[in-house]
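Here are a few notes to help you find your way around this structure. Keep the view open beside you as you read.

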Amino acid sequence: MLKNNKLLIFILTVGVFGILNTEMGVIGILPTIAENFGVSVTQAGLLVSLFALGIAVSGPILPLVFSGMNRRNVMLLVLGIFVIGNVVSIFTTSFTVLLIARIIPALFHPIYMSLAFTVAGSSVSQEEAPKAVAKVFIGVSAGMVAGVPIVSFIDTAFSYEMAMTFIAVVNIIVFVATLIFVPSMPVKEKQSYGSQFSVLRRPVLWVSMFAVLLLNASVFGVYSYVSEYLYTVTQMTPQWTSTTLLLFGGANMLGNIIAGKVLTDYPAKSILLFPLLLGVVYIVLFTIGEYQVPVMLLTIVWGILAGGIMANVNQYLISSVALEAPDFANGLFVSSCNVGTTVGSALGGMFISTMGVKYIILVGILSVVLGIVLIVIRSTLKSSAAQTSASI
């Protein structure tokens, strides 16, 4: 365990906020980017989709490649790459250069995320690890939910360059804090790539990865189009829609804290309870979607459950069945989540185009039901593996 773990976890939390803000922050300023660089909004959207693709491709590979190196040095390397990419994004006038300045950091994104979860978990006892990881996930939620409106506000109030400067400054601060306050963290027991890859032979790991994919799809299949849902189905004004989304964001961060605590005490029950409750929320939302106040209140519950599932539950599902390869497991977690986000968003778009906006809730319901089925199968496989180990 590392000394002064509170400061360490705080730096990691701000670090993942900076990393996620780099990924998600541009969503709110795509029209400005399109105008500044003389491209269509669809082309500007490549800044988001190619970033996500880069994460999905590198997630299972690069965390494994860097798993034997000093963790502090690797974090500084990744943060340095993000700082350079952010600075280039401020000053470039070429859309191609802007794309490259985002794709390269995207490849290194899973490395920092994986290390943040691993280092946070190892800075405390194994029993307290879910709580420590939950604190880091607050940065994930803040980056995904709060980053977009913050960057959008700065862009509207000042300029595109100032919005990108904010993203760069956050990463610079974390780089300096890591350089000054984070101790050297050499890996004591270096594992061969083969021994880490060997966890892929376990059926329970593959079931866990598909469960994570489906659970993330269940959230983002709805969240990606929630603004359109609130406008069209609930008929909220833009102001009330913004307020509702803000409540969702705050509830998301609260969900991280709650999930971290209950996972510590009741892991087996928590990984099933959160998705079950999410399914109930979606069914109720589908029924009362036209009523503004109930929808707003239900959004808070949805935010708590979504925050716990997207971060803590999903990470636990994979990491707990590959304890001897934490960096590799966290890389698989990041990739599974990003693939799930892509699948969920695509399904949501299909349901809207074929059935209408109201029916995006069905994407959430179907995905979470399939995810629950896989969690039950996972629990059975894990119990069988434990019994086999005990009998040997």
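**Notes for a first look**

1. Let's begin with the charged pairs: the structure holds two salt bridges, a salt bridge being a side-chain nitrogen of Lys or Arg within 4 Å of a carboxyl oxygen of Asp or Glu. Before you go on, please note that this is a predicted model, where local features need pLDDT of at least 70 and side-chain atom pairs count only at pLDDT 80 or more, while totals for chains, interfaces and linings use all residues. Residues are numbered from 1 along each chain as its sequence is written, and side-chain values use heavy atoms, with hydrogens and water left out.

2. One salt bridge joins Arg202 to Glu324, with the closest N and O atoms 2.1 Å apart. This pair links distant parts of the chain, 122 residues apart: Arg202 is in the loop between helix H10 (193-197) and helix H11 (203-223), and Glu324 is in the loop between H15 and helix H16 (326-355). Helices here are DSSP runs (H or I, at least four residues), numbered from the N terminus. Arg202 is partly exposed at a relative accessible area of 28%, and Glu324 is partly exposed at 33%; buried means under 20%, exposed over 50%, and partly exposed in between (1.4 Å probe, protein chains only).

3. In the other charged pair to look up, the side chains of Lys358 and Glu290 meet in a salt bridge (3.8 Å, N to O). Lys358 sits in the loop between H16 and helix H17 (360-391), and Glu290 in the loop between helix H14 (267-288) and H15, so the pair ties together parts that are 68 residues apart in sequence. Lys358 is partly exposed, with a relative accessible area of 27%, and Glu290 is partly exposed too, with 39%.

4. Now turn to the interior. The largest nonpolar core has 95 residues, and those with the most contacts inside it are Leu12, Tyr112, Phe117 and Trp302. A nonpolar core is a set of buried Ala, Val, Leu, Ile, Met, Phe, Trp, Tyr and Cys residues joined through side-chain atoms within 4.5 Å. Helix H15 (residues 292-319) gives the most to this core, with 13 residues.

5. What does Leu12 contact, leaving aside neighbours within four places in sequence? Its partners are Met75, Tyr112, Ala116, Val119, Ala120 and Val136, where contact means heavy atoms within 4.5 Å. A second, separate core of 20 residues includes Leu30, Ile33, Phe95 and Ile154.

6. Helix H2 (residues 30-37) is a nice one to view end-on. Its buried residues are Leu30, Ile33, Ala34 and Phe37. Down the axis of H2, they fall within an arc of 100°, so they line one face of the helix; the arc is that of the directions from the helix axis to the C-beta atoms. Turned away from that buried side are the exposed residues Pro31 and Glu35. The buried residues of H2 pack against helix H3 (41-44), helix H4 (46-58), helix H7 (95-122) and H9. Just after H2, Gly38 takes a positive phi of about 65°.

7. Is Val78 buried or exposed? Val78 is buried, at a relative accessible area of 0%, and belongs to helix H6 (residues 71-91). Not counting residues up to four places away in sequence, Val78 touches Phe108, Ile111 and Tyr112.

Notes. Helix = DSSP H or I, 4+ residues; strand = E, 2+ residues; numbered from the N terminus.
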